[in-house]
Amino acid sequence: MKTTLQIKLLPDGTQHSALKETMRVFNDACNAIAEVAFREQCASKFELQKLVYADVRKQFGLSAQLTIRAIAKVVEAYKRDKSKQCFFKPTGAVVYDQRILSFKGLDRASLVTMQGRVSIPIQMGQYQRVQWHRAKGQADLVLVKGAFFLLVVIDTPEAPPIDPSGFIGIDLGITKVATDSDGGSFCGSTVERVRQRYHRLRRRLQSKGTRSAKRHLKKIRRKEAQFRRSQNHIISKRLVEKAKDTGRGIALEELKHIRSRTTVRKSDRAKHSGWSFFQLQSFIEYKAKLAGVFVQYIDPWYTSRTCSACGHADKANRKTQSHFQCVSCGYTDNADINAAINIAARADVMQPMVMRATTAKDSPSTATSLPL
Ligand SMILES: [Zn+2]
């Protein structure tokens, strides 16, 4: 699986201008090379190099290896669309490879610039440090809001999939973001309070409609999205850890059904759609893959109305949003937990199919690639 590490550079004033100058010259050179590539209809790195190398070095004073990288960048772009000449912004990415970029431990990067080699302190987070040894080959130097970053593509290994012994069912809910079939809840009252506060704030600003209210609203939306994102990261992480620790797979509802299925009061529905369940699922899927945890999707039809004890399905079973009581056998439970148990049970029913396919091909990796 490919992921990108983002490493922040912490250049001093002189180094910052050296990087900026290099970026500008590199992209100027790319534009000059692109003109030749288009004029000569040349999509071969080798041929293009013969045509432009000497001129580019002389005209732009670019180092030998940066010239090679500029030619490669142009060829890549030209190959994507041969119908027109490509243009590069002065702040376009500069491509570095091992000959012009090296790292001194975890603290510094040494880059070739227009001012020669410069050694610049770098800043890495915990995750980056752990993954660091996988980095190899190329890195893109990019400028984001005035700060320089190196983007390094790494290969993250996936853990070999674990044969699940049962499933944790996840109910994505209205009052709680996620409830599992063990009765665990992955969204406490704090999250719900913050969610509601944002909702009220948004409503108030929307009704105002002034320009400053609109600006404020934009800011709120961004903050809210950041909040949801970080919560989704936390929830998915806990969930995948729990599944791995207990040797189980994760059962999720097929989301395209979820809105039509839920018949709730209008105010609840607004809250419901206020959470990004798609994002949560994609985080779960990604983290599960890395951990070797199997994810099974199920059709959520009637999961909230069906009794997890006797299987009786009836609208009347769900007394309120939060309370489930079976009209046939009398079983009572929290409505979200009851639904989560049904979700886990449906995944269990589907599991033998997966297992058979796995043993037939004698390769555990086929389990994750099966069409679900
Ligand atoms: Zn029942």
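Modeller: Before we start, one definition: a residue counts as buried when its relative accessible area is under 20%, as exposed when it is over 50%, and as partly exposed in between. The model we're looking at is predicted.

Biologist: Okay, what makes strand β4 "mostly covered"?

Modeller: A residue count. β4 spans residues 108-113, and 5 of its 6 residues are buried. That puts those 5 under the 20% cut-off.

Biologist: Which strands does β4 pair with, and how do you know that they are paired?

Modeller: Pairing takes at least two bridges. Strand β3 (residues 101-104) shares 4 bridges with β4, and strand β5 (residues 116-123) shares 6, so both count as pairs. Both pairings are antiparallel. To find the registers on screen, look for Ser102 opposite Ser110 in β4, and for Arg108 opposite Pro121 in β5.

Biologist: What links β4 to β3 and to β5?

Modeller: Hairpins. The one with β3 has 3 residues between the strands, and Gly105 in its turn has a positive phi of about 60°. The one with β5 goes through 2 residues.

Biologist: How many bridges join β1 to β5, and why is that called a pair?

Modeller: There are 2 bridges, in the antiparallel sense, and since the rule asks for at least two, that is enough. Leu9 stands opposite Ile122 in β5. β1 also runs antiparallel to strand β7 (residues 147-155), joined by 7 bridges, with Leu5 opposite Val152 in β7.

Biologist: What makes you speak of two faces in β1?

Modeller: In a regular strand the side chains alternate between the two faces of the sheet. β1 (residues 2-9) shows a covered face with Thr3, Leu5, Ile7 and Leu9, and an uncovered one with Lys2, Thr4, Gln6 and Lys8.

Biologist: Now the zinc ion. Which atoms are its protein donors, and how do you know that they are donors?

Modeller: They are the SG atoms of Cys307, Cys310, Cys326 and Cys329, at 2.2 to 2.3 Å from the zinc ion. The donor limit here is 2.8 Å, so these sulfurs fall within it. In sequence the donor residues follow C-x2-C-x15-C-x2-C.

Biologist: Why is the site of the zinc ion called tetrahedral?

Modeller: The angles among its 4 donor atoms are 107 to 113°. Four donors count as tetrahedral if all angles lie between 85 and 135 degrees, so the label holds. For reference, the ideal angle for four tetrahedral donors is 109.5 degrees.

Biologist: Are the donors Cys307 and Cys310 buried or partly exposed?

Modeller: One of each. Cys307 is buried because its relative accessible area is 2%, while Cys310, at 39%, counts as partly exposed.

Biologist: How do you know that Cys30 is in no disulfide?

Modeller: By distance. The nearest cysteine sulfur, that of Cys86, is 9.3 Å away, and a disulfide needs the two sulfurs within 2.5 Å, so Cys30 fails the test. The count for the model comes to 0 disulfides. Cys30 is also buried, because its relative accessibility is 0%.

Biologist: What makes Lys73 a buried residue?

Modeller: Its relative accessible area is 17%, and the cut-off is under 20%, so buried is the label. Lys73 is found in helix α3 (residues 64-80). Leaving out residues up to four places away in sequence, Lys73 touches Phe26, Asn27, Cys30, Phe88, Gly92, Ala93 and Val95. The C-alpha atom of Lys73 is 9.4 Å from that of Lys45, 28 residues apart along the chain.

Biologist: Why does Gln41 get a mention for its phi?

Modeller: Most residues other than glycine have a negative phi. Gln41 is not a glycine, yet its phi is positive, about 50°. Gln41 lies in the loop between α1 (13-39) and α2 (45-60), and is called exposed because its relative accessible area is 52%. Tyr302 also has a positive phi, near 70°; it lies in the loop between β11 (295-298) and β12 (323-325). At 32%, Tyr302 is partly exposed.

Biologist: And how many helices and strands does the protein chain have?

Modeller: The count is 11 helices and 13 strands. Of the 372 residues, 44% count as buried. The chain exposes about 19800 Å², with carbon and sulfur atoms supplying 52% of it.

Conventions: Residues are numbered from 1 along each chain as its sequence is written. This is a predicted model: local features need pLDDT of at least 70, side-chain atom pairs count only at pLDDT 80 or more; totals for chains, interfaces and linings use all residues. Side-chain values use heavy atoms; hydrogens and water are left out. Buried means under 20% relative accessible area, exposed over 50%, partly exposed in between (1.4 Å probe, protein chains only). Donors are N, O and S atoms within 2.8 Å of the metal (3.2 Å for Na, K and Ca); water is not among the atoms, so sites may look incomplete. Four donors count as tetrahedral if all angles lie between 85 and 135 degrees; four count as square planar and six as octahedral if opposite donors are over 155 degrees apart and all others between 65 and 115; anything else is irregular. Accessible areas come from the Shrake-Rupley method with a 1.4 Å probe; for residues, only the protein chains shown count as cover. Contact means heavy atoms within 4.5 Å.
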